[in-house]
Amino acid sequence: MQYAGRMVEELGHRERKKLRTRHALVQAALRLFEDKGYEETTLAEIAQEAGVAPRTFFAYFAGKEDVVFFDDHTRLERALELIDRRGPDETLVELLRRLLVEGLFSGSADSELAMRLAPVRSRLVATVPALQARELHLLFDTQRRLVRALREAYPGELDLVAAATAVGALVGAVKLTSAACLERGDTPEEIWEATRRAADLVANGLQTLGAP
């Protein structure tokens, strides 16, 4: 997380401005969802709270659900890119560890904001049926695409069951650990370290997958 500020500084002026606007919309939306209610909050109110024109909202998000899960697409695309760039001699466990360090725990601006907003996002998802349904859809789609990408990265080495086991174990461990830590009231830093440990335990347990 400590790298997020430096990564933002390395962006061009236009990209920094777009990132600030996008994050302003996310933070404004989640504040209003908590204070006023998810269903009761309008897109116009989110734009006003963020200090932008209503039409600007649609330059970044298609609707309210997309604001809540603002980091899912970029995180998935990053993971798929890393899998696609798998080294010729890189084992499955080595690749999974790289996915954790360079993907999930990259310290990007989105990752840092997502960690800070994790408690409020968790409360919203737990109480809004539409968000529960969207989270399940995103989770299933993400895992399905990761399984396909892993099989393509290891043709003839990783069958469907092994790929599904690796993805399911990794995603499940990270999600459940994060949820348990949030329920316990852990700080963002404590959640970060706990999910890293959970992911590392999974990676250690997958040593035999993809092995000759």
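**Group meeting talk: an all-helix predicted model**

Let me start with one residue: setting aside neighbours within four places in sequence, Ala28 touches Ile46, Glu49 and Ala50. I should say straight away that this is a predicted model, so please hear everything that follows in that light.

Where does Ala28 sit? Ala28 belongs to helix H2, which covers residues 13-36. With a relative accessible area of 0%, Ala28 is buried. There is also a C-alpha distance to mention here: Ala28 and Gln48 are 20 residues apart along the chain, and their C-alpha atoms are separated by 8.7 Å.

Now let me cross over to the partners of Ala28. Two of them, Ile46 and Ala50, are among the contacts of Ala28, and both appear again in helix H3, residues 43-50, where Ile46, Ala47 and Ala50 are buried. Viewed along the H3 axis, those buried residues fit within an arc of 95°, so they line one face of the helix. And what does that set of buried residues pack against? The answer is H2, helix H4 (54-57) and helix H5 (64-68). Just after H3 comes Gly51, with a positive phi of about 80°.

Let me step back for the overall picture. The protein chain has eleven helices and zero strands, so for once my topology slide is easy to read out: from the N terminus on, it is α-α-α-α-α-α-α-α-α-α-α. Of the 212 residues in the protein chain, 44% are buried. For those of you who think in contact maps, consider the contacts with a separation of 6 or more: residues 24 or more positions apart account for 68% of them.

Next, back to H2, at another residue. Glu34 is also in helix H2, and at 38% relative accessibility Glu34 counts as partly exposed. Leaving out neighbours within four places in sequence, Glu34 is in contact with Val120 and Arg123. The C-alpha atoms of Glu34 and Arg121 are separated by 9.2 Å, with their positions 87 residues apart along the chain.

That brings us to helix H8. Arg123, one of the contacts of Glu34, is found in H8. Is Arg123 buried or partly exposed? With a relative accessible area of 44%, Arg123 is partly exposed. From Arg123 to Leu182 is 59 residues in sequence and 9.6 Å in space, C-alpha to C-alpha.

Met115 lies in H8 too, and at 11% relative accessibility Met115 counts as buried. The C-alpha atoms of Met115 and Glu189 are separated by 8.5 Å, and these residues are 74 apart along the chain. Please keep Glu189 in mind for the end of the talk.

On to helix pairs. Two packed helices are described by the angle between their axes and the distance between the axes. Take H8, residues 109-127, and H9, residues 129-153: they pack at an angle of about 105°, with axes 5 Å apart. H8 and H9 are therefore roughly perpendicular to each other. On the H8 side we have Leu124, Val125, Ala126 and Thr127, which meet Pro129, Leu131, Gln132 and Glu135 in H9. By class, this contact has five nonpolar, two polar and one charged residues.

H9 has another packing arrangement, with helix H6. At what angle do the axes of H6 and H9 cross? For H6, residues 72-84, and H9, the crossing is at roughly 10°, and the axes come within 9 Å. That makes H6 roughly parallel to H9. H6 contributes Asp72, Leu76, Glu77, Ala79, Leu80 and Ile83, while H9 contributes Leu138, Thr142, Arg145, Leu146, Ala149, Leu150 and Ala153. These residues divide into nine nonpolar, one polar and three charged.

Last stop, helix H11. This helix runs over residues 188-205 and has 18 residues. From first C-alpha to last, H11 reaches 26 Å, close to the 26 Å expected at 1.5 Å a residue. Glu189, the residue 8.5 Å from Met115 by C-alpha, falls in the 188-205 range of H11.

Which residues of H11 are buried? They are Ile191, Trp192, Thr195, Ala198, Ala199, Val202 and Ala203. Seen down the axis, the buried residues of H11 fall within an arc of 140°, so they line one face of the helix. The general background is familiar: an α-helix has 3.6 residues a turn, so residues three or four places apart point the same way. On the other side of H11, Glu193, Arg197, Leu201 and Gly205 are exposed.

Thanks, everyone, and I am happy to take questions.

Conventions. Residues are numbered from 1 along each chain as its sequence is written. This is a predicted model: local features need pLDDT of at least 70, side-chain atom pairs count only at pLDDT 80 or more; totals for chains, interfaces and linings use all residues. Side-chain values use heavy atoms; hydrogens and water are left out. Helices (H or I, at least four residues) and strands (E, at least two) are DSSP runs, numbered from the N terminus. The expected span of a helix is 1.5 Å times one less than its number of residues. Buried means under 20% relative accessible area, exposed over 50%, partly exposed in between (1.4 Å probe, protein chains only). The arc is that of the directions from the helix axis to the C-beta atoms. Axes are lines fitted to C-alpha atoms, for helices over the stretch in contact, and angles run from 0 to 180 degrees between N-to-C directions. Angles under 35 degrees count as roughly parallel, over 145 as roughly antiparallel, 65 to 115 as roughly perpendicular and the rest as oblique. Contact means heavy atoms within 4.5 Å. Ala, Val, Leu, Ile, Met, Phe, Trp, Tyr, Cys and Pro count as nonpolar, Asp, Glu, Lys and Arg as charged, and the others, Gly among them, as polar.
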